[in-house]
Amino acid sequence: MSDIAISILNCDFNNIKFELNRINDSIIKYIHIDIMDGHFVKKNTENLFDMKSICKYTNKKIDVHFMVKKPKIFITNFLKYNPDIISFHIESEENISKNISLIKSHGIKCGIAINPDTDIHTLNNYVKNIDVILIMSVVPGKGGQKFINSTFKKIKLIKKKLLKINPKIKLEIDGGVNNLNSKSLNKSGADILVSGSYLINQKNIKKASISLLKV
C-alpha cells in the first residue's frame, strides 16, 4: 500500500496550526515541503514555510522537495529540521554525488527528482546511493496542474531498468495526484503519492486521504 504525502503549498499559512491539525488526524504520513528558488522554476517559496511552526504543530514526517538550481545551501539550511526525506532535482547545476553524500551523512533519506521530459537514464550513476526517486507527473513550479499520463510509462521503465540495480528505492509520484488516478498509481507500484490541491481543498482531509489508497 502506498504512503500519502500532502503538499501544503496552497494551504492557509495564516492558520497553519489549524491546517496541520486537520492533517494530523489522518492516515497521511508526510508533510511535503516544496521549496522553489525563482530560478529553477519561476515561483519562489523560500520564505513561505515557517519550518519551526510546521515542526512544532505536526506529528507527521517531513518530506522536503527542492526545486532549485543550487541545492547545497538549501540542504544545509534544512538539516536542522531533521526531515525524513530530502529530494533535489537531477537537472540541478551542482555535483549530484556530493549532495547525495551530504544528505546521507546526516542520516536522512536522499531522493532525486526527475522532470517529466528528462530521460530516466540520467539517474543511472546515482541509483545505488539513493533512497527515493521522485517522479514529477506535472511540470514543476505550480500547484493544481493536470496529471501527465505518460507518468505511468515512466514508472514502468524505472521499475524495469533502475530498480533492478537498487530494489530498495521508493518511487514517489508528485503532481496532479487525485482520487481519479491514484488507483492506477497504486497498481503500478508507487510507494508514495504526493497530493496537494486535491487534499488541501477538501473539508475532510482524513476521508480524502483514504480515497487515494483504493486499488
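Does Thr118, at 15% relative accessibility, count as buried or exposed? The legends below take up this residue, then move on to other close-ups of a predicted model.

**View 1. Thr118 sits in a loop between two strands.** The strands on either side of this loop are S5 (109-114) and S6 (132-136). Thr118 counts as buried, because its relative accessibility is 15% and the cut-off for buried is under 20%. Setting aside residues up to four places away in sequence, Thr118 touches Ile90, Glu91 and Lys154.

**View 2. Gly38 occupies the loop between S2 and H2.** Here the relative accessible area is 30%, so Gly38 is partly exposed; that class covers values between 20% and 50%. Once neighbours within four places in sequence are left aside, the contacts of Gly38 are with Lys43 and Asn44. If you would like a distance to try in your viewer, take Gly38 and Ile23: their C-alpha atoms are 28 Å apart in space, with a separation of 15 residues in sequence.

**View 3. Helix H1 (residues 16-24) shows its buried residues.** Ile23, the partner in that distance, belongs to this buried set, together with Ile16, Glu19, Leu20, Arg22 and Asn24. What do the buried residues of H1 pack against? Their partners are two strands, S1 (3-7) and S2 (30-36), and three helices, H2 (51-57), H7 (197-200) and H8 (205-211).

**View 4. Helices H3 (residues 71-78) and H4 (residues 96-104) pack together.** Two packed helices are described by the angle between their axes and the distance between the axes. For H3 and H4, the angle is about 0° and the axes lie 10 Å apart. H3 is therefore roughly parallel to H4, as angles under 35 degrees fall in that class. On the H3 side, the contact is made by Pro71, Lys72, Ile75 and Thr76, and on the H4 side by Asn99, Leu102 and Ile103. Sorted by class, this contact has four nonpolar, two polar and one charged residues.

**View 5. The second largest pocket holds about 170 Å³ of space.** Which residues of its lining are closest to the centre of the second largest pocket? They are Asp3, Lys29, Tyr30, Lys170 and Ile192, out of 14 lining residues. For anyone thinking about electrostatics, here is the make-up of that lining by class: nine charged, five nonpolar and no polar residues.

Key: Residues numbered from 1 in each chain as written. Predicted model: local features only at pLDDT ≥ 70, side-chain atom pairs only at ≥ 80, totals over all residues. Heavy atoms only, no water. Axes fitted to C-alpha atoms, helices over the stretch in contact; angles between N-to-C directions. Helix = DSSP H or I, 4+ residues; strand = E, 2+ residues; numbered from the N terminus. Parallel < 35°, antiparallel > 145°, perpendicular 65-115°, else oblique. Contact = heavy atoms within 4.5 Å. Nonpolar A, V, L, I, M, F, W, Y, C, P; charged D, E, K, R; others polar. Buried < 20%, exposed > 50% of the residue type's maximum accessible area, 1.4 Å probe, protein only. 1 Å grid on protein atoms, 1.4 Å probe; cavity = no way out; pocket = protein on both sides within 12 Å on 5 of 7 lines; lining within 4 Å. Points joined across faces, edges and corners; volume = space filled by probe spheres on them.
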